Amino acid sequence: RYEFTDTLECGIVLVGTEVKSARKGQMNIKDSYCKVDRKGQLKLYNCHIAKHDTTGIFFQHEESRPRTLLAKKTEIQKLAKAQEIKGMTLVPSKAYFTESGLLKCEIAVCKGKNTADKRDDIKKRDTKRDTRRELKSAGY
């Protein structure tokens with residue numbers, strides 16, 4: 001769906017129960033996107049982190065609240081300029097834990113693919129699949 005032009009690794013500001021749920025693999029960034037708000041902060045929207053199952057109701061977090069991303073000021077300004085260009089969006093490509101136990105999110109500056117690009121990708125995928133079938137049927 002998107003053509004990635006640039007990527008950036010950011011930290012995420014989370015509450016304790018959000019970290020526990022993310023460690024259990026209950027984090028979904030499929031429909032999420034990022035924006036630089038008026039204060040100059042980089043925010044992650046529509047990221048769904050499920051509620052922690054063994055924690056009481058009082059200490060639970062909101063499942064899809066806007067989350068602040070941590071990056072350097074110059075990087076945020078660069079992303080804000082890229083965001084202003086028509087057709088460019090900021091999309092989280094992956095979220096992962098580092099070796100030191102911190103949750104990081106990779107943000108990509110993306111441009112939506114047009115139909116011709118999509119057709120080219122589909123054609124390449126089909127030819128690759130056909131060659132695999134031919135090689136498999138030939139015994140390789």
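**Exercise 1. Locate R65 and describe its surroundings.**

Solution. R65 is found in the loop between β5 and β6 (67–70), where strands are DSSP runs of E of at least two residues and helices are DSSP runs of H or I of at least four, numbered from the N terminus. The model is predicted, so local features need pLDDT of at least 70 and side-chain atom pairs count only at pLDDT 80 or more, while totals for chains, interfaces and linings use all residues. Residues are numbered from 1 along each chain as its sequence is written, and side-chain values use heavy atoms, with hydrogens and water left out.

Next, consider contacts, defined as heavy atoms within 4.5 Å. Leaving aside neighbours within four places in sequence, R65 is in contact with V13, L14, V15, E18 and L44.

Finally, the side chains of R65 and E18 are joined by a polar contact of 2.8 Å. A polar contact is a pair of N or O atoms within 3.5 Å; within protein, one must be able to donate a hydrogen and the other to accept it, and residues adjacent in sequence count only if both atoms are side-chain atoms.

**Exercise 2. Determine which residues are linked with E18 in a network of salt bridges.**

Solution. A salt bridge is a side-chain nitrogen of Lys or Arg within 4 Å of a carboxyl oxygen of Asp or Glu. In general, side chains of opposite charge can pair when their charged atoms come close.

The side chains of E18 and R67 form such a bridge, at 2.9 Å from N to O. This pair links distant parts of the chain, with E18 in helix α1 (residues 16–23) and R67 in strand β6, 49 residues apart. Both E18 and R67 are buried, a class that means under 20% relative accessible area, with exposed over 50% and partly exposed in between (1.4 Å probe, protein chains only). The network links E18, R65 and R67.

**Exercise 3. State how many salt bridges a search of the whole structure finds, and examine the pairs K78 with D6 and D126 with R129.**

Solution. The search finds 5 salt bridges. One of them joins the side chains of K78 and D6, at 3.6 Å from N to O. Because K78 lies in helix α2 and D6 in strand β1 (residues 2–12), this pair ties together parts that are 72 residues apart in sequence. K78 counts as exposed because its relative accessibility is 52%, whereas D6, at 33%, is partly exposed.

The side chains of D126 and R129 meet in a salt bridge of 2.3 Å, N to O. Both residues lie in helix α3 (residues 115–138), 3 residues apart, about one turn of the helix. D126 is partly exposed, with a relative accessible area of 28%, and R129 is partly exposed at 35%.

**Exercise 4. Describe the position of Q83 and its contacts.**

Solution. Q83 is found in helix α2 (residues 73–84). With 25% relative accessibility, Q83 counts as partly exposed. Apart from neighbours within four places in sequence, Q83 is in contact with K35, V36, M88 and L90. For V36, the backbone nitrogen lies 3.1 Å from a polar atom of the Q83 side chain.

**Exercise 5. Where is N46 found, and what is the sign of its phi?**

Solution. N46 is found in the loop between β4 (42–45) and β5 (48–49). The phi of N46 is near 60°, a positive value in a residue other than glycine. Most residues other than glycine have a negative phi. N46 counts as partly exposed, at 43% relative accessibility.
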